[in-house]
Amino acid sequence: MGSLLIGRKGYKISLFVIVNLFLILNVHNSLIAPVSATSKVHIVYLGEKQHDDPELITKSHHEMLESIVGSKEAAADLMVYSYKHGFSGFAAKLTESQAQKLAELYGVVRITPNQFHSLQTTRSWDYLDLSSYSPNNILQDTNMGDGIIIGLLDTGVWPESEIFNDEGLGPIPTRWKGHCQSGQLFNGTTDCNRKLIGAKYFIDGFLAENQQPFNTTQSPDYMSPRDVVGHGTHTSTIAAGSFVANTSYKGIALGTVRGGAPRARIAMYKVCWNVPAGQCSSADILKAFDEAIHDGVDLLSLSLGTQIPLFPEVDEPDGISVGSFHAVARGIPVICAAANDGPAAQTVHNTAPWILTIAATTIDRSFPTPITLGNNITVLGQALFAGKEIDFTGLVYPEVPGLRPTVPGVCESLSLNNTSVVGKVVLCFTTVARRSAMTSAVTAVRAAGGVGVIIARNPSHLFGPCSDDFPCIVVDYELGTQILFYIRSTSSPTVKLSTSRTLVGKPVATKVAYFSSRGPSSISPAILKPDIAAPGVSILAASAPLDPFMDAGFAVHSGTSMAAPIVSGIVALLKAEHPDWSPAAIRSAIVTTAWKTDPFGEPIFTEGSPRKLADPFDYGGGLVNPSKASEPGLIYDMGTADYIHYLCAVGYNESSISQLVGQATMCPSTKPSILDVNLPSITIPNLKESVTLIRSVTNVGPPHSIYKSLIEHPFGIAVAVKPDILVFNSNTKMNSFKVTVSTTHKVNTGYYFGSLTWTDGVHNVTIPISVRTQIIEFYTDDN
């Protein structure tokens with residue numbers, strides 16, 4: 001039986017032991033009383049907690065449940081979680097009739113069925129002008145985020161990874177109330193240190209709903225904070241991994257690897273489990289939010305999403321939107337992935353205005369890999385291939401006679417029955433953007449004796465390594481077609497595959513990633529989402545041994561899951577430099593200072609059909625610019641009153657709002673305009689006649705400043721600002737202004753884009769403007 005070597009500590013875990021532990025856990029799960037077919041986990045949300053004694057709060061939850069189910073014993077058996085720190089509520093197994101009775105009790109804001117969420121899955125920091133070698137940037141100004149605690153809700157951590165080293169770190173901050181929780185193959189004392197200072201796991205909500213065997217040999221996991229799939233290890237070390245020098249991946253030297261805030265501390269809250277799509281229960285997510293707020297994290301990073309269609313805040317709030325509201329109300333920024341459902345419009349997730357929502361871009365790094373054809377023409381594909389060069393050998397493309405000759409050459413269903421591929425390279429085509437097509441093709445070609453695969457796809461920048469240095473090179477359809485024409489032009493086509501090179505800098509264009517979910521928001525289109533974009537393609541970070549893409553402790557992955565912790569690391573630096581800034585102030589600083597081009601001044605395009613210049617629905621304010629965000633000049637700040645304005649505008653009832661914010665709240669008799677929410681953006685989805693909205697800005701730059709407005713008008717849209725000059729001094733730190741927007745269009749249009757910039761000659765504070773003319777409205781709200 002083989003052994004699984006775990007990291008630098010050098011101890012081994014027998015696979016036989018692991019398999020048997022899996023069997024033990026399966027037996028344990030089979031002993032759990034099955035949940036009735038009519039009983040499901042429900043989240044009973046009671047809003048803001050009424051006092052600070054967690055024991056009394058928990059007792060009140062049990063008493064409330066007992067009043068419905070009839071006994072203390074039954075209530076204890078049905079209770080899943082008590083939420084008692086950040087807010088008040090509980091999760092319990094209830095029938096529909098029990099849920100209905102509970103909903104009628106005084107103090108119950110809302111009861112919602114448990115929902116499941118899924119995961120949204122080096123050079124990045126230099127690309128963002130945040131090099132550790134530069135003496136003058138926010139990284140150095142904040143001592144690399146020292147003292148900041150980043151909490152992550154994810155799949156756990158692999159603590160043996162050397163990127164969790166605590167060399168040079170001081171004591172754990174004394175305000176920290178959290179701890180590391182022991183469990184299967186995870187020692188809460190020895191597996192944590194001054195870098196990894198918190199690790200907990202939450203599974204009760206998942207198990208209460210899970211109808212399939214958990215923790216099998218096909219889908220192993222650890223009943224502990226230990227990470228089995230590598231997603232949580234990857235995201236946490238992107239945000240705050242320590243320095244690891246002289247790294248390489250698949251034989252390609254990549255230099256020093258670190259996180260965005262390498263001296264920040266990490267607290268992991270494992271809420272996602274190794275089942276298809278990475279299931280994360282909203283009951284577990286809410287409990288993790290509750291604990292993280294209590295423990296004292298400075299920010300929270302979530303690379304999780306739900307499904308389209310989304311649940312609106314006014315109806316069925318999910319665990320992320322509600323939990324994040326309570327975190328933000330306590331000054332804790334929440335950074336979330338926008339999801340990977342792009343490039344279609346209206347696919348963005350995590351759209352609440354108190355969340356910082358992150359899109360994904362490529363970076364200025366590529367791995368050109370020469371493909372030399374037998375006619376001496378060389379084309380450059382993309383790959384991570386550092387194995388032995390494949391000298392000239394046969395090149396084939398599977399085809400059959402008939403009306404659909406190219407069917408056998410589809411990568412994800414490659415048919416090699418009528419094609420001899422032994423010792424040859426195979427060309428195939430696919431329309432599937434994800435790695436599954438590549439994996440299927442490689443498996444089929446290797447099994448048939450082939451020595452390499454060329455995959456033609458669009459986009460061509462989404463690729464990964466293949467195991468055992470098997471060459472799998474990606475090209476776009478144009479290059480793939482040229483290779484195919486060559487194959488058809490000769491009776492004995494040949495090809496040579498050379499090893500990959502690394503290219504960084506100006507020749508490599510930045511694009512919004514094909515998979516990155518796009519706006520506008522399908523819940524509240526007047527709230528611009530995503531907020532900002534960050535690198536999320538081919539990001540190198542630590543992983544766990546069962547990650548099939550891991551090599552030497554690291555893996556390269558793509559997704560908005562990777563972009564979100566990039567921004568989380570930047571937020572940690574901003575928190576360190578400006579500890580008094582609110583989550584909204586941090587969001588404003590990031591959005592208003594973003595690059596609208598790449599760092600070299602080249603335009604940012606989007607991957608999709610057709611490729612186009614990026615707009616605010618692709619990347620929000622633009623590409624995050626860490627150094628500029630530290631000195632934004634002006635900020636569009638928000639607090640609880642602004643979020644109440646939003647909740648009233650979208651239709652929450654007053655009772656629900658009062659419970660949510662913990663104070664009696666009445667909405668104005670005239671429904672407030674959602675356009676007046678003080679966001680660092682202006683989005684008008686249904687402009688028919690002239691509309692005037694209000695914004696306020698706070699000066700965080702030199703006390704005596706004068707700002708003038710500059711307007712980039714959307715096509716056919718008139719924008720006027722009054723006043724168009726803002727004067728700040730020691731007595732006037734905040735100014736308000738009105739923006740009047742009107743249209744010259746006489747028909748319904750799509751969105752047109754522009755911007756409003758306030759400038760003092762040093763700072764350029766820019767917000768995006770997105771306007772759609774709707775002469776005939778397809779939806780009206782008469783309330």
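Trainee: Which residue caps the N-terminal end of helix H2?
Mentor: Keep in mind that this is a predicted model. Look at the start of H2, where a side-chain oxygen lies 3.0 Å from the backbone nitrogen of Glu55. The residue that supplies this oxygen, and so caps the helix, is Asp53.

Trainee: How far does H2 reach from its first C-alpha to its last?
Mentor: H2 covers residues 54-69, which makes 16 residues. At 1.5 Å a residue you'd expect 22 Å. The model comes close to that, with a reach of 23 Å.

Trainee: How wide an arc do the buried residues of H2 cover around the axis?
Mentor: The buried residues of H2 are Ile57, Thr58, His61, Met64, Leu65, Ile68 and Val69. They sit on the same side of the helix, because the arc they cover is only 125°.

Trainee: And which exposed residues does the face turned away from that buried side carry?
Mentor: Turn H2 so that its buried residues point away from you; those pack against strand S3, helix H3, S4, S5 and helix H4. The face turned away from the buried side carries two exposed residues, Glu55 and Lys59.

Trainee: What residue takes a positive phi just after H2?
Mentor: Follow the chain past the end of the helix, and you'll meet a phi of about 100°. The residue with that angle is Gly70.

Trainee: Is strand S4 largely enclosed or open?
Mentor: Check the strand residue by residue, from 79 to 83. Five of the five are buried, so the rest of the structure leaves S4 largely enclosed.

Trainee: Which residue in S5 stands opposite Tyr83?
Mentor: S4 and strand S5 (residues 88-95) pair in the antiparallel sense, over four bridges. They form a hairpin with four residues between them. Across from Tyr83, in S5, you'll find Gly89.

Trainee: How far apart in space are Ala261 and Asn143, C-alpha to C-alpha?
Mentor: Ala261 is in the loop between strands S11 and S12, and it is buried, with a relative accessible area of 0%. Beyond its neighbours within four places in sequence, its contacts include Met144, Gly145 and Leu573. Asn143 is 118 residues away in sequence, yet the distance in space is 8.8 Å.

Trainee: Which backbone oxygen does the side chain of Asn165 reach?
Mentor: Asn165 lies in the loop between strands S8 and S9 and is buried at 12% relative accessible area. Its side chain reaches the backbone nitrogen of Glu167 at 3.3 Å. The backbone oxygen, at 3.4 Å, belongs to Phe243.

Trainee: Is the disulfide of Cys272 and Cys280 right-handed or left-handed?
Mentor: The two sulfur atoms are 2.0 Å apart, and both cysteines are buried. The torsion about the S-S bond is about 105°, so this disulfide is right-handed.

Trainee: How many residues apart in sequence are the parts that Cys411 and Cys428 tie together?
Mentor: These two cysteines are joined by a disulfide, S to S 2.1 Å. Cys411 lies in the loop between strands S22 and S23 and Cys428 in S23 itself, so the separation in sequence is 17 residues.

Trainee: What about the link of Cys648 and Cys667: right-handed or left-handed?
Mentor: Here the sulfurs are 2.0 Å apart. Cys648 counts as buried at 7% relative accessibility, and Cys667 does at 18%. With -80° about the S-S bond, the link is left-handed.

Conventions: Residues numbered from 1 in each chain as written. Predicted model: local features only at pLDDT ≥ 70, side-chain atom pairs only at ≥ 80, totals over all residues. Heavy atoms only, no water. Buried < 20%, exposed > 50% of the residue type's maximum accessible area, 1.4 Å probe, protein only. Pairing = 2+ DSSP bridges. Expected span 1.5 Å × (residues − 1). Arc of directions from axis to C-beta. Contact = heavy atoms within 4.5 Å. Polar contact = N/O pair within 3.5 Å; in protein donor to acceptor, adjacent residues only side chain to side chain. Disulfide = S-S within 2.5 Å.
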